[in-house]
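Student: I should like to take a close look at one part of this structure, the nonpolar interior and the aromatic rings in it. Could you please take me through that part in one connected account?

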Amino acid sequence: MSATLKSPLLPTCGTLRSIEEIAPDNFLYRFKFTDKTLSSCMPGQFVQLWLPGVGESAISICSGKTGDTLELLIRRVGRVTTSAAKMTEGQIVGLRGPFGRGFPVEHFRGKSVCMVAGGCGVAPLRGLWQYLLDHRCDYDRLTLVYGMRRPSDMLFAREFKEMAKRKDIDLLLSSENLPPEDKTVVPMQHGMVTAVLHSAPLAPDYQIAVCGPPVMYKFVVRDLRRRGVPDENMWLSLERHMKCGIGKCGHCFVSGKLSCQCGPVFRLDELKGLPEAIECE
């Protein structure tokens with residue numbers, strides 16, 4: 001084998017540049033790396049983060065422009081992510097990737113795009129809206145719908161505050177538990193994300209990018225279909241427990257498809273006949 005070929009199982013070194021807590025138990029990590037392979041990361045893809053002596057975890061890329069740095073949103077939920085919260089600047093980690101199929105930004109070119117996020121699903125979509133805004137002249141109308149349980153759960157609040165000032169993207173936020181005197185940094189409606197989506201200005205030719213808890217997809221798809229959006233215009237990011245990233249371990253096997261290889265972003269019509277992938281009528 002040529003010495004220039006690298007095994008996808010071997011990580012490259014990444015140096016932690018900064019950690020920022022952006023919501024309770026949610027931290028934004030910025031890593032610097034030298035491997036040019038990682039600079040090709042696209043919105044919707046993921047990397048494998050390896051902490052020596054602890055383990056490895058699949059994390060969605062949440063930055064729209066990589067260069068020589070990569071941003072990952074890490075929530076404290078398991079052994080690897082809990083250990084990551086104790087990291088200090090300058091610490092070395094292992095990074096593998098990028099893996100999977102992301103959002104088809106080239107296919108979106110020249111079209112209107114609506115992004116629908118629920119809860120932590122806003123993290124993978126952050127890379128998408130950053131990319132679209134960085135290439136704003138290549139796309140038509142942009143809409144971002146983001147729902148959460150309570151205002152304190154909002155991720156990337158500072159970024160939303162800046163986006164709210166822009167005239168080239170429609171921003172619609174909602175909270176299921178909205179205090180009478182809401183003190184969030186941006187205007188927010190009371191209700192679930194699906195209720196806000198129903199009021200969003202959409203047309204059947206919009207391209208829709210969705211990421212959120214599994215229960216959300218059924219209701220989002222139902223609303224979009226009623227409004228005439230065809231299945232081939234809906235792109236869903238299915239967050240599954242992925243271990244190896246290269247289709248060998250089978251952890252992300254769903255109804256005949258490996259999410260790490262065929263996804264995690266799927267076009268809705270690709271999921272027909274796969275009941276385990278998404279509950280959809």
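Tutor: The account below begins with the interior as a whole and then turns to its aromatic rings.

This is a predicted model, in which local features need pLDDT of at least 70 and side-chain atom pairs count only at pLDDT 80 or more, while totals for chains, interfaces and linings use all residues. Residues are numbered from 1 along each chain as its sequence is written, and side-chain values use heavy atoms, with hydrogens and water left out.

A nonpolar core is a set of buried Ala, Val, Leu, Ile, Met, Phe, Trp, Tyr and Cys residues joined through side-chain atoms within 4.5 Å. Buried means under 20% relative accessible area, exposed over 50%, and partly exposed in between (1.4 Å probe, protein chains only). The largest such core has 61 residues, and Met115, Trp129, Phe156, Phe160 and Ile208 have the most contacts inside it. Helix α3 (residues 122-134) supplies the largest share of this core, eight residues; helices (H or I, at least four residues) and strands (E, at least two) are DSSP runs, numbered from the N terminus. A second, separate core has 20 residues, including Leu49 and Val80. In soluble globular proteins, nonpolar side chains tend to be buried together.

Now consider the rings. Rings of Phe, Tyr and Trp (its six-membered ring) pair if their centres lie within 6.5 Å; planes under 30 degrees apart count as stacked, over 60 as edge-to-face and the rest as tilted. The whole structure holds six aromatic pairs. In one of them, Trp129 and Phe156 are edge-to-face, with 6.4 Å from centre to centre and 85 degrees between the planes. This pair links distant parts of the chain, 27 residues apart: Trp129 lies in helix α3, and Phe156 in the loop between β8 (142-148) and α4 (157-163). Trp129 counts as buried because its relative accessible area is 1%, and Phe156 is buried at 4%. Trp129 also forms a tilted pair with Phe160, at 5.3 Å centre to centre and 55 degrees between the planes. Here helix α3 is linked to helix α4, which holds Phe160, and the two residues are 31 apart.

Phe160 itself has 0% relative accessibility, so it counts as buried. Contact means heavy atoms within 4.5 Å; neighbours within four places in sequence aside, Phe160 touches residues including Val122, Trp129, Leu144, Tyr146 and Val186. Finally, Trp129, Tyr146, Phe156 and Phe160 form one aromatic cluster.
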